[in-house]
Amino acid sequence: MKTSVAGGKMTEKTNNDIPTFIMNSSETSEKRRPYKKYAIIAVGVVLTVAIILTAILVGVYFFSETQKEIIKFSYMRADNSKEDVTSNLNDNTVQYHANTPDYEVWAYNDFNRDIQVTKFRYSEGTNCYVTALNRTMAQDPSEIKVPTEVNPKAPKTKYEVSYRTAKDPISDVSFLSKSARDACKGISTYWALPSCEDSTDTKRQKRGWRVCVRWGRWRVCYQR
């Protein structure tokens, strides 16, 4: 309040000149804009991390579940060679591999395609043979169990089968499973049809007419 004298009279005058600051809307939005930007970035980072962690956890879960469906173990054969067995419930197959002093053999039992593929390497070379899978003699993947013995021995031969192979190799093996295709890549692959020949005929085997291999519970002979 100010006092002044005008015309001999004293008058009082109220002074309301206290400074008042008024912020307009444009200035407010400009100041809030950086905070909104940082908030959006923070939310984006949190969501990205959450998505990555979720993907990792889901991947680990499915990998663990997949591994549970695969069984691997080994047998010791009578000739002290090792035979590997792999049962895969994911693709419904059973694989055998044996490496003996006389030959090396791989067998692929595909229960989805009902096909058996046998690859073996011996003194005369390496070939693959394809035949229909005999389910009555083949062990289903669900039947394969890890042996409880410390040093399990290979099962005794239960089936003996003879096959007569085709003269010409198969031109297109794309119908085989990926594992069989990879195993027989670049190798002559033949159809093999069941034969009534005696699988114990060693005379023809010595003359090179027949090759016999053992794996799993099978003794299989191929006659060219």
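## Strands, rings and disulfides

Trainee: How many residues sit between β7 and β8 in the hairpin that they form?

Mentor: Strands here are DSSP runs (E, at least two residues; helices are H or I, at least four), numbered from the N terminus. β7 covers residues 115-122, and β8 covers residues 125-132. In the hairpin made by β7 and β8, the number of residues between them is two.

Trainee: What kind of model is this, and what is its mean pLDDT?

Mentor: It's a predicted model, where local features need pLDDT of at least 70 and side-chain atom pairs count only at pLDDT 80 or more, while totals for chains, interfaces and linings use all residues. Residues are numbered from 1 along each chain as its sequence is written, and side-chain values use heavy atoms, with hydrogens and water left out. pLDDT is the predictor's confidence in each residue, from 0 to 100. In this protein 70% of the residues reach 70 or more, and the mean is 78.

Trainee: Which strand has the highest confidence, and which the lowest?

Mentor: At the top, strand β6 (residues 104-110) comes in at 95. Over residues 1-13 the pLDDT is below 50, though this stretch has 14 contacts (heavy atoms within 4.5 Å) beyond near neighbours in sequence. At the bottom, with a mean of 47, is strand β1 (residues 2-6).

Trainee: β8 pairs with β7 and with β10, so to speak on two fronts; in which sense does β8 pair with each?

Mentor: Two strands count as paired if DSSP finds at least two bridges between them. β7 and β8 have eight bridges, and Gln 116 has Thr 131 in β8 as its bridge partner; that pairing is antiparallel. β8 and β10 have three bridges, and Val 130 stands opposite Trp 191 in β10. The sense of that second pairing is parallel.

Trainee: Where is the cysteine that bonds to Cys 128?

Mentor: A disulfide is a pair of cysteine sulfur atoms within 2.5 Å, and Cys 128 and Cys 184 have an S to S distance of 2.1 Å. Cys 128 is in strand β8, and the two are 56 residues apart, so the pair links distant parts of the chain. Both cysteines are buried (under 20% relative accessible area; exposed is over 50%, partly exposed in between, with a 1.4 Å probe and protein chains only). Cys 184 lies in the loop between α2 (178-183) and β10 (189-195).

Trainee: Is the other disulfide, Cys 212 to Cys 221, left-handed or right-handed?

Mentor: Cys 212, in strand β11 (residues 210-215), is buried at 10% relative accessible area, and Cys 221 is buried at 0%. The S to S distance is 1.9 Å. With a torsion of about 110° about the S-S bond, the disulfide of Cys 212 and Cys 221 is right-handed.

Trainee: What is the angle between the planes of Phe 120 and Tyr 129?

Mentor: Rings of Phe, Tyr and Trp (its six-membered ring) pair if their centres lie within 6.5 Å; planes under 30 degrees apart count as stacked, over 60 as edge-to-face and the rest as tilted. Phe 120 is buried at 0%, Tyr 129 is buried at 3%, and both belong to an aromatic cluster that includes Tyr 122. The centres of Phe 120 and Tyr 129 are 5.5 Å apart, and this stacked pair has an angle of 25°.
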